[in-house]
Amino acid sequence: MEKSWIFQYIFLFSAIFLVVSFQFSNAQLAPTESRILFQVQQLLEYPPSLQSWNNWTNFCFLPPTPSLTIACSNNHITELTIVGNKSSPSQIPKLSASNFAVSKQTLSDKFSLDSFFTVLTKLSSLQKLSLVSLGLWGSLPRKINRFRSLEVLNISSNFMFGEMPQSISSYQSLRSLVLSDNLFNGSFPDLTGLSLLEELDLSNNDLGPKFPSLGNNLVRISLGNNSLRSEIPQDLKKLNRLQVFDVSSNRLVGPMPSFLFSMPSIQYINLAKNQLSGAFAPNASCNSNLTFVDISNNLLIGKLPSCLASNVGNKTVIIMWNCLSNTTSKYQRSYSFCQKDALAVKPPVRNQKEDATLKLGIVLGIIGGIVVILGLLGLLILIVFRRVRRNRGSEYKCDSFVMEKNPLGGSPMGKEMEDATNNFDPSNLVREGSQGQLYKGWLRDGSVVLVKCLKLKQKHSSQALQQHMEVISKLRHRHLVSVLGHCIVTYQDHPNTASTVFIVLENISNGSLSDHLIDWRKREVLKWPQRMGITMGIARGIQYLHTGGILEMTQNRQHTVGTESPLNGQGTPNHPSSENPEKEDIYRLGVILIEVMTGRPINSQSELDDLKFQLERSLAESPSKLRDLIDPSMRGTFAYESLKTIVQITINCLCRDPMGRPTVEDVLWHMQYSVQVQEGWTNSGNLSGNLSGNLSNKF
């Protein structure tokens, strides 16, 4: 009996071994295809995901990872997915096919895209090919159509330029074509021959101007951020399976295609940032499955269809910067604006007066007052001064202050402080950092103030510094902390050279933004809607400084106040500097935005660079990765699209090249877009409570 059991066991083991051996042999890769993979490894210049390959690598049994997947069938490769760590054109400011150059973000000048595909197309059984962020560059060769069995082709986030070859339309089995974020230009190939194509993503290129001819089986169309300048064709009515349609950020003209909103399967429509004009059809209707619509920044007039008039249910509708009449939106232009630009058939032109008028209608309460000029304290206390006393000829030391604690009477404005160097007490020290010390004090009438001691790192003329302060002393804005006075200190042996500045600020009862981020109890109060209000207030403060505030006051003076200010750059040593004051402040705003989203202060340039890299990677990978980077106390309070919009503009603000940073108007546009998306999400019952909260006070 025992021998019988042993025999059965041996028989069963042998059977299992035979099955496993058969499967192993079935997945063994043909030697020729193994050699092809080693050639690919060499031609791609040994990217990280391929560096471990050697003569003992069994390619068909490699475990799939986010950066490498190889699938085999009948001794042949059927799937090859390689994701690298290179950048892409959308992350490099002002890059185009005309100014492309080989760099660290591309493969070397020895690389040949033609040679690469000569080798790769020998994988005759390939059904899925994904080559993402590998630094591929050059013109896509016609031989791309040698993949006879290909069903999925993804060569996104590379540097391919020139026209797309017409041969790409000869695939008989292709279901997904993704060539987004490259440098393709010229006209679209005729894609009607791709009868099985379900997904088409050619966004972030320079293709146009005519709308492409497409097959009727498409489910997703993404052509955003190209150079389309035609009308949206009526032929799209035939696409009964279409669910996603994104043609944003082009120059599309002509009437609004009202039929889009009632297509049988449509769920997502993005027509933003085009030149679509005219009114909706009187009988326009919407598909019940429609969940997202963005028609902002066009030239639309007349009445909005009732199915788009409000964010009903789980539907998000964004309509700002048009000329629509029957809407409660505060962000509509005048009828004449849209009529004039529609007749001219040109993009909407914003001038400074129109921008100022449009932005007066903001209804959100904002928490203002974050230091931009003084750098990275985590708040925008944009220093607004009024001269109290100018005491020359003495040598002051910030570390020996004694603050007068007895009110001396009088108004907080225009009163002098007595013996500033002797009236400070260490017990009144609020904070000390790289920018200097911040003290709490009392004016003669008992008013509480904050006094900042700022030691200048470079020698500056006291006269130039005084002129600077006189200019900005007149600034008053709802999002800026008012400053009650200043005192310039000079060297004893060089009375015309400033060494230290004392700045008297109004005391903000709410405390600083940095305080709220450090203290977990205060941070818990700041959910995503409140943090959006804070950051929008900061951006509006910057806008005022560079449009309606300082620039107006300095137009008749031979003195600048931005980056050339003696106070600028104090305590912000390692960040990329710029000769453009606005771009300098935009970079600081990007730092604040990261602090607000992550819920922690940034203490070094390396920490900032690391967080920026993580945000960029999370955007490219998955929503869950992005959510993991965000302050846990905000989870469940934000719409992902709202958060994603702020993350994208933050990354742009932190561009190393100042010219690649957005304008403050661009930042505000994205913030307003984020707010509208958040409002739509909130109104759908995802979050209860007031969006803006109590944001009328300053931080």
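**Exercise 1. Classify Tyr268 by accessibility, then describe its ring partner.**

Step 1. Tyr268 has 22% relative accessibility, so Tyr268 counts as partly exposed. The cut-offs: buried is under 20% relative accessible area, exposed is over 50%, and partly exposed lies in between (1.4 Å probe, protein chains only). The model is predicted: local features need pLDDT of at least 70, side-chain atom pairs count only at pLDDT 80 or more, and totals for chains, interfaces and linings use all residues. Residues are numbered from 1 along each chain as its sequence is written, and side-chain values use heavy atoms, with hydrogens and water left out.

Step 2. Search the whole structure for aromatic pairs; there are 13. Rings of Phe, Tyr and Trp (its six-membered ring) pair if their centres lie within 6.5 Å; planes under 30 degrees apart are stacked, over 60 edge-to-face, the rest tilted. Phe116 and Phe117 make an edge-to-face pair, with 5.4 Å between centres and 75 degrees between planes. Phe116 is buried at 0% relative accessibility. Phe117 is buried, also at 0%.

Step 3. Turn to Tyr268 and Phe292. Their rings are stacked, 4.6 Å centre to centre, with 10 degrees between the planes. Tyr268 sits in strand β13 (residues 268-270) and Phe292 in strand β15 (residues 292-294), so the pair ties together parts 24 residues apart in sequence. Helices (H or I, at least four residues) and strands (E, at least two) are DSSP runs, numbered from the N terminus. Phe292 is buried at 8% relative accessibility.

**Exercise 2. Name the members of the aromatic cluster, and find the ring that Lys273 lies over.**

Step 1. One aromatic cluster is formed by Phe100, Phe111, Phe116, Phe117, Trp137, Phe159 and Phe161.

Step 2. Lys273 lies over the face of Trp669, 4.2 Å from the ring centre. The test: NZ of Lys or CZ of Arg is within 6 Å of the ring centre and within 35 degrees of the ring normal.

**Exercise 3. Find the disulfides and give the handedness of each.**

Step 1. Count them. The whole structure has 3 disulfides, each a pair of cysteine sulfur atoms within 2.5 Å.

Step 2. Take Cys60 and Cys72. Their sulfur atoms are 2.0 Å apart. The S-S torsion is about -90 degrees, so this disulfide is left-handed. Cys60 is in the loop between α2 (31-43) and β1 (68-73), and Cys72 in strand β1, 12 residues apart. Cys60 is buried at 14% relative accessibility, whereas Cys72 is partly exposed at 21%.

Step 3. Take Cys286 and Cys307. The S to S distance is 2.0 Å. The torsion is about 55 degrees, so this disulfide is right-handed. Both cysteines are buried.

Step 4. Take Cys323 and Cys338. The sulfur atoms are 1.9 Å apart. At 85 degrees about the S-S bond, the link is right-handed. Cys323 lies in strand β18 (residues 323-324) and Cys338 in helix α4 (residues 335-344), so the pair ties together parts 15 residues apart in sequence. Cys323 is buried at 5% relative accessible area. Cys338 is buried at 0%.

**Exercise 4. Decide whether Cys653 is in a disulfide or in none.**

Step 1. Check the nearest cysteine sulfur. That of Cys655 is 10.0 Å away, and Cys653 is in no disulfide. Cys653 is buried at 0% relative accessibility.

Step 2. Check Cys655 likewise. Cys655 is in no disulfide. Cys655 is buried at 10% relative accessibility.
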